[in-house]
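Me: Could you take a close look at one part of this model for me? I'd like to hear about the salt bridges, in one connected run-through.

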Amino acid sequence: MLIAPSLLSADFGHLAADVEMLNDSDADWFHLDVMDGVFVPNISFGFPVMEAIARVARKPLDVHLMIEHPEKFTARVAALGARVMNVHQEACIHLHRVVTGIREAGMLAGVTLNPATPISTLEDIVTEVDLVMLMSVNPGYGGQSFIESSVEKVARLKELLLRRGSRALIEVDGGVNRETGARLAQAGADILVAGSSVFRAPDPQKEIKALKKLSEIDRII
Ligand code: DX5
Ligand code: ZN
């Protein structure tokens, strides 16, 4: 399993220390949650903070844009050196254009779905994306409870990807811990985002190791 700890649950007063802790852990990616107070009812952080993280991070950045018009920022996310740019399907009227732009900028293109958005909305784009991320909470806050139907949604997404011959990876974000993570792994998830379960654990590095063991990833990213 690939593990992408979410810095939303880090201690922003000691961000460098938390980044170093993740550098020295088994985490695979740094998951960075950008919120605009419009697409979601909260504001998190933006480019100055992400640039500070990028300077010290020694693992790829997975940028999750919970904002309207994410395409306005494709070039700036690429300039951060991000590996993945995740945009919401609900925020992109011209999703195909946005995804193409992300790939042309040299990043992996991720498309994210809110809990109420059906996977069928991706039917005609799954062969063009590198990753699909399912929200297993309503985006906007860390520490929310896992929406149970997400497990079965992962299984249905896996089916869609197989049927369409897509090699897109499946990422899941929200309420992930060892228990929900085990079920998501079984349903076919490749990447788990974890905020509070990692940062509130007595030993975050041990928690990351436990999540990582939930499955063997069969592909190198
Ligand atoms: C929620 C964010 C998540 C969040 C997950 O809007 O997209 O990445 O940090 O936090 P937990 O793991 O605490 O649900
Ligand atoms: Zn996120």
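Reply: A salt bridge here is a side-chain nitrogen of Lys or Arg within 4 Å of a carboxyl oxygen of Asp or Glu. Keep in mind that this is a predicted model. By that rule the count comes to 12 salt bridges.

Let's start inside helix α6 (residues 178–187). The side chains of R183 and E179 meet there, with N to O at 2.8 Å. The two sit four residues apart in α6, so about one helical turn separates them. An α-helix has 3.6 residues a turn, so residues three or four places apart point the same way. Neither partner is tucked away as buried: R183 is partly exposed, with a relative accessible area of 27%, and E179 is partly exposed too, at 46%.

The same helix also reaches out along the chain. R178 of α6 pairs with E207 of helix α8, 29 residues apart, which links distant parts of the chain; N to O is 2.9 Å in this salt bridge. Here the burial is split: E207 is buried at 12% relative accessible area, while R178 is partly exposed at 41%.

Elsewhere, D130 forms a salt bridge with R103, with the closest N and O atoms 3.0 Å apart. D130 lies in the loop between β5 and β6 and R103 in helix α4 (residues 95–104), so this pair ties together parts that are 27 residues apart in sequence. R103 counts as partly exposed, at 34% relative accessibility.

Finally, there's a group to look at: E123, D124, R163 and R164 are linked in a network of salt bridges.

Notes:
Residues are numbered from 1 along each chain as its sequence is written. Chains are lettered from A and ligands numbered from 1 in the order in which they are written. This is a predicted model: local features need pLDDT of at least 70, side-chain atom pairs count only at pLDDT 80 or more; totals for chains, interfaces and linings use all residues. Side-chain values use heavy atoms; hydrogens and water are left out. Buried means under 20% relative accessible area, exposed over 50%, partly exposed in between (1.4 Å probe, protein chains only).
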